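Colleague: Could you walk me through this one? I'd like to hear the reasoning behind each label.

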Amino acid sequence: MSKFVAAVDQGTTSSRFMIFDRSGKIVGCDQKEHEQLYPRPGWVEHDPMAIWGAVQSVIAGALARGSIDPREIAAVGVTNQRETTVVWNRQTGRPIYNAIVWQDTRTDQLVNEFAKEGGQDRLRAKVGLPLATYFSGPKVKWILDNVEGARTAAKAGDLLFGNIDAWLIWNMTGGVNGGVHVTDVTNASRTMLMNLDTLDWDDEILELMDIPRSMLPAIRSSSEIYGNATGNLAGIPIAGDLGDQQAALFGQTCFSPGEAKNTYGTGCFMLLNTGEKAVPSKHGLLTTLAYRIGNQPAVYALEGSIAIAGALVQWLRDNLRMFDYAKHVEDYASETPDAGGMYIVPAFSGLYAPYWKSDARGVFVGLTRYINRSHIARAALEATAYQTREVLDAMEQDSGVVLKSLKADGGMVYNDLLMQFQADILGVPVVRPTVAETTSLGAAYAAGLAVGFWDSVESLRANWGIDREWQPKMDPARRQELYAGWKKAVTRTFDWVD
């Protein structure tokens with residue numbers, strides 16, 4: 001009898017393979033970073049072959065570390081950085097260009113062209129998204145328009161497109177030797193090409209962006225058997241597929257309308273389950289798919305997407321050399337009781353929710369000679385908390401739901417200073433679950449449900465428990481003063497790029 005389920009978790013900065021038992025406990029894990037490529041200002045790329053190599057490496061590593069026989073694994077799920085775009089040749093299995101990462105802003109002129117007729121919300125009624133550089137569709141068009149021979153190859157049916165999930169599943173199920181070309185509803189909803197009502201590719205939008213339908217993966221549910229793996233996992237069903245933020249929502253067992261989570265990773269993403277109804281946003285949020293289990297009705301969500309959270313700490317480490325390890329940011333930030341009146345607004349990729357301004361760029365404001373490294377470290381952490389407050393405000397306005405607490409997950413939830421400040425600036429408790437790696441767990445849950453390892457989503461709630469809770473301690477007047485300063489700082493980023 002199978003004892004375990006597993007998940008490939010392919011993120012913006014690293015790939016992981018995690019193996020879980022029936023109670024959701026981690027029994028095996030391996031992780032490997034991959035290189036971030038910045039060929040021009042505003043451009044961000046990854047090497048898809050390096051990512052595939054890293055995924056193969058961590059699968060072998062986790063099996064070895066956990067001393068686990070692959071035959072003990074019932075199914076494998078996949079979760080991924082979502083809008084990052086890969087176009088590859090179906091005959092050779094090779095990408096025709098590097099993966100264009102979700103943070104990349106090179107498509108800003110394309111987006112502006114599309115917005116000339118109907119404005120930034122031209123497609124929102126169909127796809128739930130504003131026109132923005134964030135999403136996959138314009139990235140595909142850029143590749144077809146700018147890579148020599150790409151359009152000809154696409155029209156001949158030789159090219160395939162996918163977010164990272166589709167690229168990995170195709171390779172994991174055989175690649176050029178019969179690989180399955182699929183994606184799930186959550187990933188498809190991040191392309192700007194899928195109609196929220198039909199859950200199918202929209203022909204009018206494909207025509208607008210001049211993208212051949214033959215390139216696109218089949219859209220499937222988030223929990224079903226797509227095919228069997230090859231390689232180290234040979235014969236094991238690949239049976240779950242969720243974009244990383246939806247996987248975290250699933251792993252946090254937010255299965256009821258009104259339940260929400262916030263993931264603190266490279267970026268920061270808050271999702272609110274809205275049930276079987278797509279709720280349009282009037283306050284700068286995204287209407288997206290939360291998940292779909294087999295043939296059951298699709299479940300929708302409202303999302304607030306923040307481009308830069310942990311990536312700001314990484315930038316301080318790698319670009320400014322402020323410290324050697326990301327964990328040291330808390331040590332420096334703890335040396336001062338506040339940020340000394342300064343704010344960092346990390347609009348490196350423009351501003352996402354709730355502003356959607358691709359022409360914004362990052363700023364340090366409020367600098368005086370009093371400011372030192374500790375203030376900068378603290379301001380970097382506080383920036384994530386302020387951005388989350390903005391998204392939560394928008395979510396409450398759109399949904400009418402007032403959150404009583406915030407479920408938090410992702411790598412930054414082990415930063416106690418950030419979590420306390422988050423509770424303070426929100427004025428509600430922040431809760432960290434016993435298993436904070438909820439992205440991987442959510443993908444494993446989806447895979448396990450598909451093969452009967454678990455019998456229902458409700459049975460998964462028993463695995464969720466509280467590890468730690470932070471209560472707000474800040475005086476309300478001080479909270480309002482700090483937040484007003486943040487809102488003022490954000491305006492200084494507007495309209496920087498002509």
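**Labels and their reasons**

Modeller: Let's start with strand β8 (residues 159–163), where 5 of the 5 residues are buried, so β8 is largely enclosed by the rest of the structure. Keep in mind that this is a predicted model: local features need pLDDT of at least 70, side-chain atom pairs count only at pLDDT 80 or more, while totals for chains, interfaces and linings use all residues. Residues are numbered from 1 along each chain as its sequence is written, and side-chain values use heavy atoms, with hydrogens and water left out.

Colleague: What makes a residue "buried" here, and which residues of β8 sit on each side?

Modeller: Buried means under 20% relative accessible area, exposed is over 50%, and partly exposed is in between (1.4 Å probe, protein chains only). The areas themselves come from the Shrake-Rupley method. In β8, L159, F161 and N163 are on one side, L160 and G162 are on the other, and they are all buried, so both faces count as covered by that definition.

Colleague: How do you know that β6 and β8 are paired?

Modeller: Two strands pair if DSSP finds at least two bridges between them. Strand β6 (residues 85–89) and β8 have 5 bridges, in the antiparallel sense, so they qualify as a pair. One of the matches is V86, whose bridge partner in β8 is G162. As for the strand and helix labels, they're DSSP runs numbered from the N terminus: helices are H or I with at least four residues, strands are E with at least two.

Colleague: Which strands make up the open sheet, and why are two of them called edge strands?

Modeller: The order is β3-β2-β1-β5-β14-β13, 6 strands with mixed pairing. β3 (26–33) and β13 (223–228) each pair on one side only, which is why they are the edge strands under the pairing rule. From one strand to the next, the twist averages 25°. Within that sheet, β1 (residues 4–10) and β2 (residues 14–20) run antiparallel, with 6 bridges, and V5 has F20 as its bridge partner in β2.

Colleague: What lies across those strands, and at what angles?

Modeller: Helix α1 (residues 48–65) lies across β1, β2, β3 and β5 (73–80), at about 150° to β3. Helix α14 (residues 438–450) lies across β1, β2, β5, β13 and β14 (237–243), at about 135° to β14. The angles run from 0 to 180 degrees between N-to-C directions, using axes fitted to C-alpha atoms, for helices over the stretch in contact. Contact means heavy atoms within 4.5 Å.

Colleague: Why is A360 called buried?

Modeller: Its relative accessible area is 0%, and the cut-off is under 20%, so A360 is buried. A360 lies in the loop between β19 (343–345) and β20. Leaving aside neighbours within four places in sequence, A360 is in contact with A347, G350, L351 and T493.

Colleague: And D338: what makes that one "partly exposed"?

Modeller: D338 comes out at 28% relative accessibility, which falls between the two cut-offs, so it counts as partly exposed. D338 is in the loop between α11 (328–333) and β19. Beyond its neighbours within four places in sequence, D338 is in contact with H375, R378 and R478.

Colleague: How do you know that R106 and E45 form a salt bridge?

Modeller: The rule asks for a side-chain nitrogen of Lys or Arg within 4 Å of a carboxyl oxygen of Asp or Glu. The closest N and O atoms of R106 and E45 are 2.9 Å apart, so the pair passes. It links distant parts of the chain: R106 is in the loop between β7 (99–100) and α2 (108–115), E45 is in strand β4 (residues 45–46), and they are 61 residues apart. Both R106 and E45 are buried. By this rule the count comes to 31 salt bridges.

Colleague: In the R389 and D393 salt bridge, is each partner buried or partly exposed?

Modeller: R389 is at 13%, so R389 counts as buried, whereas D393 is at 25%, so D393 is partly exposed. The side chains meet at 3.2 Å, N to O. Both lie in helix α12, 4 residues apart, about one turn of the helix.
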